[in-house]
Amino acid sequence: MTDLHDKTVLITGAGGGFGRHMVQQFRAAGAKLLLTDISDAALAQVIDDAGSDLLGCVATDLATEAGSRAVAELCASSGAPDVLVNNAGIAVAGRTDHVPQERWETLMQLNLLTPMRLCSQ
């Protein structure tokens with residue numbers, strides 16, 4: 001898709017560095033924006049970047065099924081996105097036996113399952 005004018009773009013992880021940059025780029029291309037981030041504070045800052053092109057936003061933990069449902073509800077009330085940018089993600093470093101299992105499971109939930117959930121809703 002090369003013409004983004006009046007297209008709806010959903011950006012996960014919108015409050016981080018890459019996310020904020022994408023908000024600015026998609027807005028400059030004429031897109032309407034749906035934004036999500038785990039951090040209320042980060043999301044509040046990027047809302048200003050989206051300006052009048054913001055259709056909606058939600059602060060939620062996408063590493064949970066409830067977080068993906070919250071984004072699905074946002075899309076249901078604001079319109080289905082034409083473009084989904086799965087930018088939210090985390091990294092885990094260290095030996096498997098030194099990193100708590102919960103941390104690995106969060107990584108798999110957020111980096112693997114969340115994009116699958118969002119694409120299927």
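**Notes on a predicted model: a surface patch, salt bridges and pockets**

1. Leucine 112 is a good place to begin: with a relative accessible area of 40%, this residue is partly exposed. The range for that class runs between 20% and 50%, so a value of 40% falls inside it. Leucine 112 belongs to helix α4. Please keep in mind while reading that the model is predicted.

2. Which residues join Leu112 in a nonpolar patch on the surface? The partners are Met108 and Met116, and the three together have about 280 Å² of accessible area. Helix α4 covers residues 101-120, and this helix comes up again with both pockets below.

3. Now to the charged side chains. The structure holds four salt bridges, and I would look at the one between arginine 27 and aspartate 53 before the others. Their side chains meet at 2.8 Å, N to O. The two residues are 26 apart in the chain and link distant parts of it: arginine 27 sits in helix α1 (residues 17-28), while aspartate 53 sits in the loop between α2 (40-50) and β3 (54-59).

4. Aspartate 53 has another salt bridge worth your time, with the side chain of lysine 32 at 3.1 Å, N to O. This pair also links distant parts of the chain, with lysine 32 in strand β2 and a separation of 21 residues. Through shared partners, Arg27, Lys32 and Asp53 are joined into one network.

5. Is aspartate 53 buried or exposed? Aspartate 53 counts as buried, because its relative accessibility is 12% and the limit for that class is under 20%. Its two partners fall in another class: arginine 27 is partly exposed at 31%, and lysine 32 is partly exposed at 25%.

6. A further salt bridge joins arginine 95 and aspartate 97, with the closest N and O atoms 2.6 Å apart. Here both residues are exposed, whereas aspartate 53 in the network above is buried.

7. One backbone detail deserves a glance. Aspartate 6 has a phi near 65°, a positive value in a residue other than glycine. Aspartate 6 lies in the segment before β1 (8-12) and is partly exposed, with 47% relative accessibility.

8. The largest pocket holds about 260 Å³ of space. Its lining is made of 15 residues, and those nearest the centre are Ile38, Ala88, Gly89, Ile90 and Leu110. Two elements, β2 (32-37) and α4 (101-120), each give two or more residues to this lining. The most comes from α4, with three residues. By type, the lining has six nonpolar, six polar and three charged residues.

9. The second largest pocket holds about 170 Å³. Among its lining residues are Leu10, Val71, Ala72, Cys75, Pro81 and Asp82; Val83, Leu84, Leu118, Cys119 and Gln121 also belong to this lining. Two or more residues come from each of α3 (65-78), β4 (83-85) and α4. Which element gives the most to this lining? That is α3, with three residues.

10. A last remark on how the two linings are made up. The second largest pocket is lined by nine nonpolar residues, one polar and one charged, whereas nonpolar and polar residues number six each around the largest pocket. If you are looking at the model as you read, α4 is a handy guide, since this helix holds Leucine 112 and gives residues to the lining of the largest pocket and to that of the second largest.

Terms used
Residues are numbered from 1 along each chain as its sequence is written. This is a predicted model: local features need pLDDT of at least 70, side-chain atom pairs count only at pLDDT 80 or more; totals for chains, interfaces and linings use all residues. Side-chain values use heavy atoms; hydrogens and water are left out. On a 1 Å grid over the protein atoms alone, a cavity is a set of points where a 1.4 Å probe fits but cannot get out, and a pocket is an open set with protein on both sides within 12 Å along at least five of seven lines; lining residues have an atom within 4 Å of a point. Grid points are joined across faces, edges and corners, and a volume is the space filled by probe spheres set on the points. Helices (H or I, at least four residues) and strands (E, at least two) are DSSP runs, numbered from the N terminus. Ala, Val, Leu, Ile, Met, Phe, Trp, Tyr, Cys and Pro count as nonpolar, Asp, Glu, Lys and Arg as charged, and the others, Gly among them, as polar. Patches are made of residues with over 30% relative accessible area and no salt bridge: like charges are joined within 9 Å, nonpolar side chains (Val, Leu, Ile, Met, Phe, Trp, Tyr) within 5 Å. Accessible areas come from the Shrake-Rupley method with a 1.4 Å probe; for residues, only the protein chains shown count as cover. Buried means under 20% relative accessible area, exposed over 50%, partly exposed in between (1.4 Å probe, protein chains only).
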